[in-house]
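Me: I'd like to go through how the labels on this model get assigned. Can you set each value against its cut-off as we go?

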Amino acid sequence: MTTPAPQPFHQRTEAALADAHLNQTLRRVTARVLDSRTAGLERLPASDDWRDHARRIRAHTLAHLDRYLDEFVTNVEARGGHVHYARTAEDAVTYVTDLARARGLTKAVKSKSMISEEIHLNDHLERAGLQVVETDLGEWVVQLAQDHPSHVIMPIIHKSASDVADLFRRTLGATDEEVADVPAMTKLARARLRPEFLSADLGISGVNFGVAGTGTLCICTNEGNGRLVTTLPRVHVAMMGIERLVPDIPSLGTVLQVLARSATGQNLTVYTNLLTGPRRPDEFDGPEELHVVLVDNGRSTVLGSTEAEILYCIRCGACLNVCPVYQQIGGHAYGSVYPGPVGAVLTPALWGQDEWTDLPHASSLCGACREVCPVRIDIPRMLLTLRAKGVDEGRAPSWIGQGLAMFRRVAARPWLFGAAGRAAAFGTRLLASRGWIRRLPGPLAGWTASRDFPVMAGDSFQDRWKKRQTGKPGGPQS
Ligand code: SF4
């Protein structure tokens with residue numbers, strides 16, 4: 001189950017590129033968050049070693065996932081929790097809706113959970129008659145706007161403060177004073193959400209990491225809503241991808257060292273909660289029941305594929321922030337709940353290329369995503385693999401195959417390759433103005449729709465090399 005793509009990818013992209021307000025908001029926020037990330041990692045001595053260690057932990061866990069899943073399930077159950085393995089999205093939503101019906105639950109409060117977005121849990125619960133209230137501020141705004149998140153940790157990165165103020169006026173009848181600035185709007189959200197926590201009988205959360213050795217759930221939030229969701233309602237359901245495990249508490253400490261720093265630049269997320277089992281008889285708070293839903297939904301297939309490394313992801317969002325494509329088009333243009341570089345791999349890896357064949361091409365392959373990833377996932381390598389698979393499966397447009405066949409014929413004949421290079425250099429000089437081509441003709445116009453094309457060098461590398469060997473001017477400087 002995925003977010004249906006309403007338009008072809010290139011149409012969504014063109015619409016996003018034409019939205020100046022969106023472009024401005026994305027550039028401003030991603031630049032600020034990347035600066036914070038740099039500062040956060042600089043505060044961590046030997047941060048590269050921490051990143052290497054975090055990567056080893058993720059690689060080790062995924063290599064022994066069957067063992068760690070067994071251990072995790074045993075420990076959650078030993079501490080009074082229930083675990084349900086959901087092979088598909090349908091299995092997962094059916095389990096939660098059946099549970100709600102069986103316990104007579106009527107109102108759910110939720111903290112942020114990407115996997116719930118992935119399986120459209122809210123829609124299913126609402127169809128089953130439950131009221132569902134998002135309590136993460138960004139997710140609440142998304143819910144009020146009947147929108148979708150556009151970033152894995154900043155769901156409303158596409159909205160400015162004035163957008164949210166307008167929304168609160170329209171949907172909540174907020175006064176000008178209540179939306180005067182961000183603190184005022186936050187205060188309004190607190191006042192509106194507090195009664196929802198107190199009246200809910202079901203709390204639904206995501207899980208950042210499950211600790212196999214103890215059956216502990218680690219849930220990170222910056223607003224404290226995660227604590228209320230997981231302790232006030234009488235039933236807590238934790239939704240978790242099967243890959244989100246670490247072996248033990250020391251391993252958790254390592255991945256937490258790099259998670260918040262890579263995400264927001266914080267040393268640690270403000271509320272880093274460790275929950276082990278439901279309320280015990282000698283305790284005063286906590287849920288009566290804890291249910292952990294382990295969602296597979298394609299992950300075990302990815303595990304044995306050339307894209308398995310993408311499951312190391314700890315959902316920090318840094319690769320989105322640094323990606324020049326994401327910075328221009330934002331998350332909605334990807335059409336998937338997982339946007340940006342991680343989504344361009346994870347989405348087709350999980351659900352195939354029938355619907356998502358364009359996503360691996362939504363990258364300049366600049367490598368910035370690999371540079372910033374706290375667990376050093378080689379996203380560019382997997383994007384190329386997915387592109388190659390798409391070609392092997394006959395998904396590439398016919399003009400690409402014809403163009404490559406023509407290139408092969410030219411490139412195999414040095415005299416022809418040289419002549420074609422000189423003709424192309426001459427042609428680009430004819431079309432250029434001050435060294436740049438603003439608009440290429442015919443089918444090449446797409447290249448220059450949103451960027452300029454440089455004039456090709458007048459002489460080839462071989463020409464320059466010969467000049468250098470003979471000592472003529474114009475050769476490359478050493
Ligand atoms: S792929 Fe790496 S950088 Fe991107 S969200 Fe996952 S952990 Fe963060």
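**Labels and their cut-offs**

Reply: Sure, starting with a charged pair: Arg280 and Glu283 join their side chains in a salt bridge, at 3.4 Å from N to O. Keep in mind that this is a predicted model, where local features need pLDDT of at least 70, side-chain atom pairs count only at pLDDT 80 or more, and totals for chains, interfaces and linings use all residues. Numbering runs from 1 along each chain as its sequence is written, and side-chain values use heavy atoms, with hydrogens and water left out.

Me: What makes the contact of Arg280 and Glu283 a salt bridge?

Reply: The term asks for a side-chain nitrogen of Lys or Arg within 4 Å of a carboxyl oxygen of Asp or Glu. The N to O value for Arg280 and Glu283 is 3.4 Å, so the pair passes. A search of the whole structure finds 23 salt bridges.

Me: Why is Arg280 called partly exposed?

Reply: Buried is under 20% relative accessible area, exposed is over 50%, and partly exposed is in between (1.4 Å probe, protein chains only). Arg280 has 37%, so partly exposed is the label. Glu283, with 29%, is partly exposed too.

Me: How do you know that Asp452 and Arg438 tie together parts 14 residues apart in sequence?

Reply: Their side chains meet in a salt bridge at 2.7 Å, N to O. Asp452 and Arg438 both lie in the loop between strand E11 (436–437) and strand E12 (453–454), so the pair links parts 14 residues apart in sequence. Strands here are DSSP runs (E, at least two residues), as helices are (H or I, at least four), numbered from the N terminus.

Me: What makes the pair of Phe407 and Phe417 edge-to-face?

Reply: Rings of Phe, Tyr and Trp (its six-membered ring) pair with centres within 6.5 Å; planes under 30 degrees apart are stacked, over 60 edge-to-face, the rest tilted. For Phe407 and Phe417 the centres are 6.4 Å apart and the planes at 80 degrees, so edge-to-face it is. Phe407 sits in helix H19 (residues 398–411) and Phe417 in helix H20 (residues 414–431). The structure holds six aromatic pairs.

Me: Why does the charged end of Arg244 count as sitting over the ring of Phe209?

Reply: The rule wants NZ of Lys or CZ of Arg within 6 Å of the ring centre and within 35 degrees of the ring normal. The charged end of Arg244 is 5.7 Å from the centre of the Phe209 ring and is listed as over it. Arg67 likewise lies over the face of Tyr68, at 4.8 Å from the ring centre.
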